[in-house]
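I opened the model to look up a few things and kept notes as I went. The entries follow in the order in which I checked them.

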Amino acid sequence: MDAVTPKKDIPRADPVRRPTQQEAEEAVRTLIAWAGDDPRREGLIDTPKRVVNAYKEWFEGYGEDPVKYLSRTFEDVQGYDDIVMLRNIEVESHCEHHIAPFIGKAFVAYKPSSAVVGISKLARVVEIFAKRLQTQETMTAQICDAITESLAPMGTAVFIEAEHQCMSTRGVHHKHVTTITTQFTGVFKSDADLRNRFLAMCNQNG
Ligand SMILES: Nc1nc2c(ncn2[C@@H]2O[C@H](COP(=O)(O)OP(=O)(O)OP(=O)(O)O)[C@@H](O)[C@H]2O)c(=O)[nH]1
Ligand SMILES: [Zn+2]
């Protein structure tokens, strides 16, 4: 039986047993009945299977290791010595409090010390952490940590802006509110001009 690996910051002796697909589908049937509908009616018969398949996609980040993607680096950059930044990386995640989507954009930059990484790998790292149950703060820190630990750059910067559906479709019901989180290490922390350049590039339109 597969086991869900606990987060590294929460040591646990006993990993959670991963339920079977059938058990997960049964849980969805329970939620449908709890919502007030009949999971046996025609339109809902295949819904538990679809929901479980959607969960596989939304939470596929648990099975992925960001370090694997950041381990292939390139040294030959002909003396390039400035930041590398990816703008507008789409973020589709789910909050760990309500399992409601939060959707937005991530901006990720690092200042290489020597080696650079393939730019798609930075987007993959965002994807891996987004496809887990998250808070925006944790996800921002995890992306920053993974890049910092794997590439040992001179600095890393992460900016995420997202709209949380647990705030817009339920609860407080405030639409169009966005949450911004940032995390900086190294030169982005010590050099205010560099940090401001990064933030200005985050705020450029387009
Ligand atoms: N800091 C932080 N809070 C989040 C995030 N996603 C959701 N939340 C908040 O998590 C909180 C959970 O609060 P609770 O009082 O335990 O839950 P609740 O009664 O459903 O709260 P309401 O959403 O206010 O109805 C809410 O304030 C959410 O807005 C996130 O990524 N970061
Ligand atoms: Zn929430």
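How exposed or buried is Cys-166, going by its C-beta neighbours inside 10 Å? I counted 16 of them, so Cys-166 is partly exposed, since a buried residue needs 20 or more and an exposed one has 12 or fewer. I note here that the model is a predicted one.

**Entry: the annotated binding site**

I looked up Cys-166 next and found that helix H6 holds this residue. Beyond its neighbours within four places in sequence, Cys-166 has contacts with Cys-95, His-97, His-98, Ala-100 and Gly-171. The unreviewed UniProt entry carries a "binding site" annotation on Cys-95, His-98 and Cys-166. These residues span 72 residues in sequence, but no two of their C-alpha atoms are more than 7.9 Å apart, so they gather at one spot.

I then turned to Cys-95, which is part of strand E4. Cys-95 has 18 C-beta neighbours inside 10 Å and therefore also counts as partly exposed. Setting aside neighbours within four places in sequence, I list its contacts as Ala-100, Phe-102, Gln-134, Thr-135, His-164 and Cys-166.

**Entry: the shell around ligand 1**

Which residues surround ligand 1? I noted Cys-95, His-97, Thr-135, Gln-136, Glu-137, His-164, Cys-166, Met-167, Gly-171 and Val-172. By class, the shell has four nonpolar residues, five polar and one charged. Helix H5 (136–151) and helix H6 (165–168) each give at least two residues to the shell. Cys-95 and Cys-166 are in the shell and also in the UniProt "binding site" annotation.

**Entry: two positive phi values**

I checked the backbone for positive phi outside glycine. Most residues other than glycine have a negative phi. Ile-99 has a phi of about 55° and sits in the loop between E4 and E5. Ile-99 is exposed, because 12 other C-beta atoms lie within 10 Å. His-173 also has a positive phi, near 55°, and its place is the loop between H6 and E9. With 8 C-beta neighbours inside 10 Å, His-173 counts as exposed.

**Entry: the sheet**

In what order do the strands of the five-stranded open sheet run? I read the order as E7-E4-E5-E8-E9, and the pairing is mixed. E7 and E9 are the edge strands, each pairing on one side only.

I went through E8 in more detail. Strand E8 covers residues 155–164, and eight of its ten residues are buried, so the strand is largely enclosed by the rest of the structure. Strand E5 (residues 101–111) pairs with E8 over ten bridges in the antiparallel sense. In that pairing I marked Phe-102 opposite His-164 and Val-108 opposite Val-158. Strand E9 (residues 179–186) is joined to E8 by eight bridges, and these two strands are antiparallel as well. Gly-155 faces Gly-186 of E9 there. His-164 thus turns up three times in my notes: opposite Phe-102, in contact with Cys-95, and in the shell around ligand 1.

**Entry: helix H4**

I compared the length of H4 with the expected value. Helix H4 (residues 119–130) has twelve residues and reaches 17 Å from first to last C-alpha, close to the 16 Å expected at 1.5 Å a residue. Its buried residues are Leu-122, Val-125, Val-126, Glu-127, Ile-128, Phe-129 and Ala-130. What do the buried residues of H4 pack against? I found helix H3 (66–70), strand E4 (84–95), E5, strand E6 (116–117), strand E7 (133–134) and H5.

**Entry: the whole chain**

I closed with the overall figures. The protein has eight helices and nine strands, and its C-alpha atoms fill a box of roughly 65 × 40 × 30 Å along the principal axes. Of its 206 residues, 26% are buried. Among contacts with a separation of 6 or more, 65% are between residues 24 or more positions apart.

According to the unreviewed UniProt entry, residues 25–202 are covered by the annotation "domain: GTP cyclohydrolase I". I found that span to be 42% helix and 26% strand, with its end C-alpha atoms 41 Å apart.

Methods: Residues numbered from 1 in each chain as written. Chains lettered and ligands numbered in written order. Predicted model: local features only at pLDDT ≥ 70, side-chain atom pairs only at ≥ 80, totals over all residues. Near = placed C-beta within 6 Å. Helix = DSSP H or I, 4+ residues; strand = E, 2+ residues; numbered from the N terminus. Nonpolar A, V, L, I, M, F, W, Y, C, P; charged D, E, K, R; others polar. UniProt positions renumbered as here; feature names shortened; annotations may be inferred. Pairing = 2+ DSSP bridges. Expected span 1.5 Å × (residues − 1). Contact = placed C-beta atoms within 7 Å.
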